[in-house]
Amino acid sequence: MADDSTTGIRGVAGTAGSPNDGTGDQMVPAASICHVVHEEQVGELNLSRDNLKRLLASGSFFWIDLPRPREEDFAVLRDVFHFHPLALEDSEHFGQRAKLDDYDDFVFLVVYGAVPDEDRLVEVHCFYSEHFLITVHRDEAPTFTEVRHRYQKRRGPIDDPALLLYRIIDALVDSFFPILADFDDRIDELENQTFLHASDKQLQEIFGMKRLLVGMRKAVTPQRDLFASLMGGGAELPGMTTETERHFRDIYDHLIRISDLIDTYRDLLTSSMDVFLSTVSNRLNVVMKQLAVIATIFLPLTFITGFIGQNFGWLVRYIGGWPAFVVLGIGTEIVAVAILMTFFKRRGWF
């Protein structure tokens, strides 16, 4: 058994990547590189018709993981495995709802996982039967690496295909927990920062987290319903035994917990947004109160200066020197300000 090697099986497919097929100048597209887990090889493999036919002819169960598939790759899968056209059509189009479609000799699953470091979702399409498992995804799925290493160290045939499918789906489902754990800590930080200093940056982060939760909810809720149907007998997987059913029941339990956490964090983010809006509103009220105090102080001052500035005869005759100006002009304004400040202080406006 070769470890992460492409000798043997991959060597046969080398001609698929040659620039010339020997009959002319027509260019032959190079075969895509996939990952294979088989009793004879765990590593990279050229996705060619010859290699896939050789795996099928071996009679042993195998897993092929195909990242970033091309149109030519789906043609290879169609010619070798003779998948139903509807299943291939669904697999070519990503952005689908989590589901399980049962065909004559295989099932087609759409399941979701997450990449915690990048806060994004991973959509995985699975063709599963008692003889093979083929996973197709556009985005990188770091959780698959650990599963492949597990079987690489094991150095033996895959004796329980349903258990392999469980480990893959379980790794995808458990990848949601680190993101949700970060959400818990980040929501607490946002609430503390909001009380200290509410800013637009916090509001944008709240909206971004809510959008991510909405995307996770759209992925997790149908997936939870899928496994509920599987546990209730509404759907079946090839080769499932009583023991593997217990494992899949554990996945269903995890999905329920994830769904509950998503709803909880959505409510907490909504509360955080309410706190943010209340804080901003209270701050605006304080500013408006301060402006009202300033405007109220200047209102009597404007009246006094306007009244004294009128050209009445009495004012012209009796306010003609500095002492009268200080008493009747500046003194009156100071008394008015003192009275207003005393009133505001008693009312608790500042």
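A residue is called buried here when its relative accessible area is under 20%. With that cut-off in hand, a walk through this predicted model can start at helix α2, which covers residues 49–58. Its buried residues are Asn51, Leu52 and Leu55. These residues sit on the same side of α2, because the arc they cover around the axis is only 95 degrees. Right after α2 comes Gly59, and its phi is positive, near 80 degrees.

Next up is the nonpolar interior. The largest nonpolar core counts 86 residues, and Phe127 and Phe248 are the ones that touch the most other members. As for helices, α8 (residues 200–231) gives the most to this core, chipping in 11 residues. Apart from this core lies another one, made of 5 residues, including Val293, Ile297, Leu340 and Phe344.

Phe127 deserves a look of its own. Setting aside residues up to four places away in sequence, Phe127 touches Phe83, Ala87, Leu88 and Ser91. The list goes on with Phe106, Val107 and Phe108, and also takes in Phe132, Leu133, Ile134 and Val136.

Two polar residues in helices are worth a stop as well. Thr143 belongs to helix α5, which runs over residues 142–154. Its relative accessibility is 17%, so Thr143 counts as buried under the 20% cut-off. Once neighbours within four places in sequence are left out, Thr143 is in contact with Ala171, Leu172 and Ser175. There is also Gly113 to mention: 30 residues separate Gly113 and Thr143 along the chain, and their C-alpha atoms are 8.7 Å apart.

Ser272, for its part, is found in helix α9, spanning residues 242–308. With a relative accessibility of 2%, Ser272 counts as buried too. What does Ser272 touch, not counting residues up to four places away in sequence? The partners are Ile187, Glu191 and Ile206.

Last come the cysteines. How many disulfides does the structure hold? The tally is 0. Cys34 has a relative accessibility of 0% and therefore counts as buried. Cys126 is buried as well, with a relative accessible area of 0%.

Technical notes. Residues are numbered from 1 along each chain as its sequence is written. This is a predicted model: local features need pLDDT of at least 70, side-chain atom pairs count only at pLDDT 80 or more; totals for chains, interfaces and linings use all residues. Side-chain values use heavy atoms; hydrogens and water are left out. Buried means under 20% relative accessible area, exposed over 50%, partly exposed in between (1.4 Å probe, protein chains only). Helices (H or I, at least four residues) and strands (E, at least two) are DSSP runs, numbered from the N terminus. The arc is that of the directions from the helix axis to the C-beta atoms. Contact means heavy atoms within 4.5 Å. A nonpolar core is a set of buried Ala, Val, Leu, Ile, Met, Phe, Trp, Tyr and Cys residues joined through side-chain atoms within 4.5 Å. A disulfide is a pair of cysteine sulfur atoms within 2.5 Å.
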